[in-house]
Protein chains: 2
Amino acid sequence: MSKPKGFEKPIGVKDYLPHAVSRLRQIENQVLACMSAWGYEQIMTPTMEYYDTVGVASSTSDQKLFKLLNNRGTTLVLRSDMTAPIARVVASLLKESEFPLRLSYHSNVFRAIEEEAGREAEFFQTGVELVGDASADADAEVVALAIASLKAAGVDRFKIAIGHVGFLNGLFEETLQGREEAQEELKACLLGRDYVGYRERLLALSLAEPVQKELEGILRLRGGQEICEQALQLGANETARAAIHHLREIWDVLEAYGVCEHVLIDLTMIGDFKYYTGMTFEGYAADLGSPVASGGRYDNLLQQFGRPAPATGFALKTTRILELIGDSTATGPAERILIGYDAAGRKQALLEAQRLREEGSAVIVTEKMDQDAQKAAAAAADAGSKQEIVYKGITFSRLLTFFGRGGRA
Amino acid sequence: MSKPKGFEKPIGVKDYLPHAVSRLRQIENQVLACMSAWGYEQIMTPTMEYYDTVGVASSTSDQKLFKLLNNRGTTLVLRSDMTAPIARVVASLLKESEFPLRLSYHSNVFRAIEEEAGREAEFFQTGVELVGDASADADAEVVALAIASLKAAGVDRFKIAIGHVGFLNGLFEETLQGREEAQEELKACLLGRDYVGYRERLLALSLAEPVQKELEGILRLRGGQEICEQALQLGANETARAAIHHLREIWDVLEAYGVCEHVLIDLTMIGDFKYYTGMTFEGYAADLGSPVASGGRYDNLLQQFGRPAPATGFALKTTRILELIGDSTATGPAERILIGYDAAGRKQALLEAQRLREEGSAVIVTEKMDQDAQKAAAAAADAGSKQEIVYKGITFSRLLTFFGRGGRA
């Protein structure tokens, strides 16, 4: 193992330069403001958690967790999502708070293996958890808020695909009873959106033709509200039917929100988090293959922390949205002004800087301004010019007269 | 080692509930806005760094670093400050950018041993680095910005104590030449502000009386600008004299900034970071023993990353400021409104919620509102009441008429 060079940083993590930070902060502030308008209050939890509590309860596979030991030899993890830590807080610090609880967060999370595939080992998520409400209205609220949040983030063209883990569970339980391995293989294909693989495995199972056709038919169960009707005709399993009825209720509420233009039903969708128990959804932006949002219902997680309760929520993949949106929305201070001075003009220059800062401008002062820059400053001031000036690599909207000898002090 | 309980979090780390997050965010935003007005641009760096690069270069002792291994067996650390990571960025991603560079940050940092003493293992810092300017004006700029930042954070009564590592180094080099161990012992006493211990060690060294008196005399070198004159009379060592002259220049610039009421000279002060090479300072708030800000000049750090340059900067101890300021400044949304509905009134309720959110209110909708709450809502609406209403533990400034059957839909 060669020693890393001084300027290197670990694989899979990023530096954000001022331009990117400005855009990231803008997304963060606008999304959190949107969540706040829906009554969600922001909380923060530590970067490190116990492996045996939050680490085990999290949706992340063991090998993807960053682990470290504290001074006492206890294994800690860097948080891999915010859902499990928030469940811990709801069951401890907030245990006296009445349900439903509406909580939001903006946070970095960590996944160890992602770096191998060139994906980020540390990235940002902005999300909410709605804890203590099992209704379809609660599920619809988080979907509608995900839509509002994507808009607040500046994502214009996107679709939310909604599914329900109960539908596939019910259908597979009915058609492939006792064949857990076959069920897991088929689910793995759907999770990876490998529909060719799904068909191949289905053929390899040598099922009776009606069952074979039924299971192949679910690949067509993607579209509008009518998909629910088609799904109900597929099988009579109680779990699957209850899932579809719940999705129809969610759709009705989403219609009342007036957001169905962004929504489609996708019954082939399996949430990628093992703790999902009901509705799951993913948000896809136009021209981007991987999701920019994901969420779902997780009614069994809270009981692992000692306060059983239904819950639903989502996270925007903020880092991915930042890449998607690019440079289009960056904003800076209204005006960036450079003021030069020498010892004789210092006091006057610093007073002027203070005045301009209080007015909302970004002001850089420098006691080292070479003759050329001084002349340019004087010329610009005399001309009343509004031309942009580049000094030492920074673009200034104004360059104030040099204060001092040879200047105007 | 017993397994941690489900609701437990590691020792030394904190959850921040909505009220605390709101205050922390307010401090963060106001301080970053202040730094932006002074021309400092925000950057972000990863939580994890290589031990062999940033870990070694950081000011934190090895045992205080949180260490972990990545998949390749390379040792990583959780950043213990932001100065070393920013030096890495200046020498890599920003290596083509002209000096001076003005960079700001708000970030969590990690210190492993602190948890043992009941101190925090993860806490927030908000700070700046001014890279590529060796002048006294640059040192004065960061001190003046530290003062402006503390005010922006809401800290009203505070003092900034300024020292210079060159003064004690020069004086000790002159009076205790070749006695490195004695020098280190005396410096350790000063760092811990253990003046009794300092006098005891001094006596134990059995020095000639004039030297003994001179070294004891430095304990009185705390006060206004006049301290510099007194210090110059103490010894003739060139390093010490140069340090004092630099401090006098800084004082002159701070007078031009008009901030000297907040500043005192403290020549007994030793910065607690091993990389300081010149002026160092600490900010103390009234009624709080430990500093709320610290900073200084570090002209040798950048060369460790391959781009030698002078640099100066500071960090506010944001978490400590949060504790100091308490509940006094928390702000929330202008109005918090609850809207109840049933299936019949849903659409109307959700439309009204959207309208109110766009107007800047925080609106919670619920399809589960019991009869009593519905009646209270109707009564409040009829009376045009502005009374606060508590529903499920949340205080609302308004409770809108229930939309639906029995309501106004």
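In this predicted model, A:Arg25 is a buried residue, its relative accessible area being 12%, which falls below the limit of 20% under which a residue counts as buried. Its side chain nevertheless has a charged partner, for A:Arg25 and B:Glu28 form a salt bridge with an N to O distance of 2.5 Å. Because A:Arg25 belongs to helix α1 of chain A while B:Glu28 belongs to helix α1 (residues 18-37) of chain B, this pair joins two chains. B:Glu28 is likewise classed as buried, with a relative accessibility of 5%. The pairing is also part of a wider arrangement, since a network of salt bridges links A:Arg25, A:Glu28, B:Arg25 and B:Glu28.

Other salt bridges lie within chain A. One of them pairs A:Arg248 with A:Glu229, whose closest N and O atoms are 2.9 Å apart; this contact links distant parts of the chain, with A:Arg248 in helix α10 (residues 238-257) and A:Glu229 in helix α9 (residues 226-234), 19 residues apart. Both partners are partly exposed, A:Arg248 having a relative accessible area of 26% and A:Glu229 one of 37%.

A further salt bridge, at 4.0 Å from N to O, is formed by the side chains of A:Lys14 and A:Glu323. A:Lys14 is found in the segment before α1 (18-37) of chain A, and A:Glu323 in helix α11 (residues 318-325) of the chain, so this pair ties together parts that are 309 residues apart in sequence. A:Lys14 is partly exposed, at 29% relative accessibility. These contacts are among the 38 salt bridges that a search of the whole structure finds over all chains.

Conventions
Residues numbered from 1 in each chain as written. Chains lettered and ligands numbered in written order. Predicted model: local features only at pLDDT ≥ 70, side-chain atom pairs only at ≥ 80, totals over all residues. Heavy atoms only, no water. Helix = DSSP H or I, 4+ residues; strand = E, 2+ residues; numbered from the N terminus. Buried < 20%, exposed > 50% of the residue type's maximum accessible area, 1.4 Å probe, protein only.
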